[in-house]
Structure formats: C-alpha cells, structure tokens
Amino acid sequence: IHSTHDGKKRVAAYCRVSTDSEEQLNSYEAQKSYYTQKIADSPDWEMAGIYADEGISGTSMKKRTEFKKMITACKRGHIDLIITKSLSRFARNTVDCLDTVRLLKANGIGVYFEKENINTLNSDSELYLTIAAAIAEEDLTRYSNNVAWSIKDRFERGEMILGPRLYGYRKTKDNRLKVHPEEASVVRYIYETYIQGDVSTIKIADELTKRQIPSPNGGEWRNSQVLYILRNEKYYGDMILQKTFKEGGTKYVNKGERVRYYVENSHEPIVSKDVWEKAQEVIAKRANAKLIGAQQKTYPFTGLIVCGCCGSIYTHKVNNSGTISQANFWKCR
C-alpha cells in the first residue's frame with residue numbers, strides 16, 4: 001500500500017446526498033465535517049481530500065464529477081484508502097460498484113464502507129461486498145417504486161410537487177407558491193411586451209439584460225428563458241402535474257407515457273388567463289409564419305424522380321446560389 005514518507009496512509013472520503021432539499025443539504029455539510037474530523041483524529045491517517053457530490057442520483061456513475069476526480073487521484077497514486085458511509089452512498093449499481101472496487105484494489109487502494117464494515121483490501125471482502133451491493137441495489141429499486149407511487153398518489157389528489165425555483169414566485173414552508181413582487185413585475189413586462197408589439201423573445205431578453213435585471217439563473221437573459229415564461233401555465237394560476245417522469249434513474253419529458261394532471265386555481269396568478277392565451281396565439285402565429293417562409297420551393301420534377309438504387313425521392317439542390325456560376329441539380333436524399 002502506498003503511503004506518505006512518515007508512514008501515514010493518505011485517506012480520502014466520499015460523500016453524497018441525493019436530493020436538493022434543505023435537510024439533505026445540511027446532511028451534506030455534516031458529512032464533510034464528520035470525515036474531516038475523523039481523518040484528523042486518526043494518528044495513522046493523513047487527509048487526501050473530501051470528495052462530495054451534491055444533489056446527484058446515485059443510480060448511475062454518470063455526471064458524478066467529484067467521484068470521477070477521486071478515481072483519477074487514485075490512479076495517479078495520491079490516495080491509499082477511501083472511506084464512505086455506505087454502499088448506497090458510493091454506488092447503488094452492483095456492477096459499477098464491483099468494477100470500481102476491483103480497479104482500485106488492483107492498484108493497492110482500499111475502500112472502507114462504514115455501515116457494512118467492509119474493507120475491500122481484506123481477503124474475504126469480495127463475497128460480502130457482492131451480496132451487500134446487490135441488496136443495496138434492490139433497496140434502491142424498491143425505494144424508487146415507492147417514491148413513484150407516492151408522487152402519483154399526490155398528483156391524483158392535486159397536490160403540488162414543486163422544483164427548487166420558479167421565477168416570479170417563492171416557495172412557502174407549506175410548499176405553496178407565493179408571488180415575488182419584483183420578479184412578478186418582470187413577468188408581466190414580458191407578457192405585455194410580447195403580445196402588444198412585434199417584439200421577439202430575443203429582443204425582450206436583450207432589453208432585460210440591458211436593464212441589468214438578473215435572469216432566473218442570475219446572469220444574462222436568454223430568449224429560451226423568456227419563451228419558457230411565456231409558455232408556462234403556472235403564471236395564470238393553474239398547474240399541469242407530471243410533465244416529466246423518471247425511469248431507471250433517467251428523467252424524461254412526459255409525451256403520453258404517464259398520466260398528466262391539471263389543477264385549476266392552484267396558486268395566485270401573475271397574469272390573467274386571457275393574457276396567457278393571447279401569448280400562446282402570438283407564439284403559434286409567429287411559428288407558423290416561420291414555417292411558411294421556410295417551405296421549400298417546388299420545381300417541375302419535384303417528387304417525380306426516384307432513385308433506382310434505394311427508392312428515395314430526389315431533391316433539388318443549388319450550388320453557388322446567386323452567383324454567375326450558379327448550378328441547379330437533383331440529388332438522392
């Protein structure tokens with residue numbers, strides 16, 4: 001096992017919380033403090049870093065930036081031992097867990113799981129680890145199914161399940177939406193400007209940035225943020241539930257795979273429904289105008305030339321358009 005010049009093991013800790021709730025974020029800070037103190041109190045250990053991924057699901061190794069940094073540090077010989085609270089904090093996928101542990105073990109690096117009391121450098125750890133990891137994965141599946149059922153039940157009762165932030169509102173302690181006066185005035189400005197004049201979402205975003213009004217993310221405004229506000233039914237006081245869903249740890253847009261629920265008068269509106277519907281009409285009108293302008297021209301042979309090899313319809317193409325060397329030709333798709 002690698003060690004520092006004074007014989008101490010270089011020990012790193014990995015911790016993670018899987019939600020964005022305030023309680024879990026406090027747990028995140030508590031875990032970092034706990035491991036900092038634990039390593040400092042051990043005379044044979046030397047701190048090699050606290051790696052902590054915040055608000056990321058443990059069902060996959062993807063996007064775990066700190067975890068990947070820790071593995072890289074291990075490969076470079078900077079860490080001798082990793083300590084973590086449990087298998088469910090380290091990895092809930094059995095295959096990924098075993099692959100990672102074996103990779104580290106091959107380089108003389110151990111992982112100590114406190115809850116399961118497993119040190120992967122011990123000779124009998126592989127069997128215990130395989131069993132424990134499989135149980136942790138099964139527990140996650142059962143938990144995910146229970147959460148999905150709970151969310152569906154709350155949707156059916158018309159209860160709101162809110163994300164961390166909706167521009168123009170703030171969440172109350174009882175999980176309701178309360179209008180934020182300053183941001184609400186910006187929302188009204190966006191609607192009024194968009195439906196009264198021939199002003200694009202890009203121009204509105206530029207104007208808000210010019211006025212130094214912080215965007216929902218705190219930086220400059222983008223037209224996509226303006227369009228999101230214009231399309232969101234929550235601004236007239238209603239709410240569509242289950243617009244997205246999770247399956248296998250991945251988030252999907254609900255395009256009919258799950259039931260969607262519509263709740264009327266769920267919270268205080270910022271704009272009237274008439275104003276919102278007018279905005280939708282303008283959005284549709286401008287979108288249709290773009291589509292009409294983008295329609296391809298038709299030519300005498302459009303749709304009539306068929307490729308003898310693949311059966312595709314030929315399309316008309318132009319090279320050097322608008323120049324003296326312009327050339328028209330037909331090409332298989």
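Is Asp198 buried or exposed? Hi everyone, let's start there. Asp198 is exposed, because its relative accessible area is 71%, and the cut-off for that word is over 50%. Please keep in mind that this is a predicted model.

Now, what does Asp198 do with its side chain? It forms a salt bridge with Arg286, and the closest N and O atoms are 3.9 Å apart. This pair links distant parts of the chain: Asp198 is in the loop between H6 and H7, while Arg286 belongs to helix H9, residues 273–294, and the two are 88 residues apart. Arg286 counts as partly exposed because its relative accessible area is 22%, and buried would need a value under 20%. Arg286 has another contact too: its charged end sits over the ring of Tyr194, 4.3 Å from the ring centre.

Tyr194 takes us into helix H6. Tyr194 is one of the buried residues there, and the others include Glu183, Ala184, Val186 and Ile190. Here is a little check you can follow along with. Helix H6 runs over residues 181–196, which makes 16 residues. At 1.5 Å a residue H6 should span 22 Å, and its end C-alpha atoms are 22 Å apart, so the two values agree.

Back to salt bridges for a moment. How many does a search of the whole structure find? It finds seven. One of them joins the side chains of Glu114 and Lys38, at 3.6 Å from N to O. Glu114 is in the loop between S4 and S5, and Lys38 is in helix H1, residues 22–41, so this pair ties together parts that are 76 residues apart in sequence. Lys38 is partly exposed because its relative accessible area is 26%. Another salt bridge brings together the side chains of Glu233 and Lys234, at 3.8 Å from N to O. In that pair, Glu233 and Lys234 are both buried.

Next, the rings. The structure holds five aromatic pairs. In one of them, Tyr14 and Phe67 meet edge-to-face, with 5.2 Å from centre to centre and 80° between the planes. Tyr14 is in strand S1, residues 9–17, and Phe67 is in helix H2, residues 65–75, so the pair ties together parts that are 53 residues apart in sequence. Both of these residues, Tyr14 and Phe67, are buried. Tyr167 and Trp221 also form an edge-to-face pair, at 5.4 Å centre to centre with 90° between the planes. That pair links distant parts of the chain, 54 residues apart: Tyr167 is in the loop between helix H5 and strand S6, and Trp221 is in the loop between H7 and H8. Tyr167 and Trp221 are both buried as well. And Phe67 has a further neighbour, since Arg64 lies over its face at 4.4 Å from the ring centre.

Two residues have a backbone angle I'd like you to look up. Phi of Asn117 is near 55°, which is positive in a residue other than glycine. Asn117 sits in the loop between strands S4 and S5, and it is exposed because its relative accessible area is 57%. Gln212, in the loop between H7 and H8, has a positive phi too, near 60°. Gln212 counts as exposed because its relative accessibility is 72%.

Last stop, the cysteines. How many disulfides does the structure hold? Zero. Cys307 counts as buried because its relative accessibility is 11%, whereas Cys332, at 24%, counts as partly exposed. Thanks for listening!

Terms used. Residues numbered from 1 in each chain as written. Predicted model: local features only at pLDDT ≥ 70, side-chain atom pairs only at ≥ 80, totals over all residues. Heavy atoms only, no water. Disulfide = S-S within 2.5 Å. Buried < 20%, exposed > 50% of the residue type's maximum accessible area, 1.4 Å probe, protein only. Helix = DSSP H or I, 4+ residues; strand = E, 2+ residues; numbered from the N terminus. Expected span 1.5 Å × (residues − 1). Phe/Tyr/Trp six-rings, centres within 6.5 Å; stacked < 30°, edge-to-face > 60°. Lys NZ or Arg CZ within 6 Å of the ring centre and 35° of its normal. Salt bridge = Lys/Arg side-chain N within 4 Å of Asp/Glu carboxyl O.
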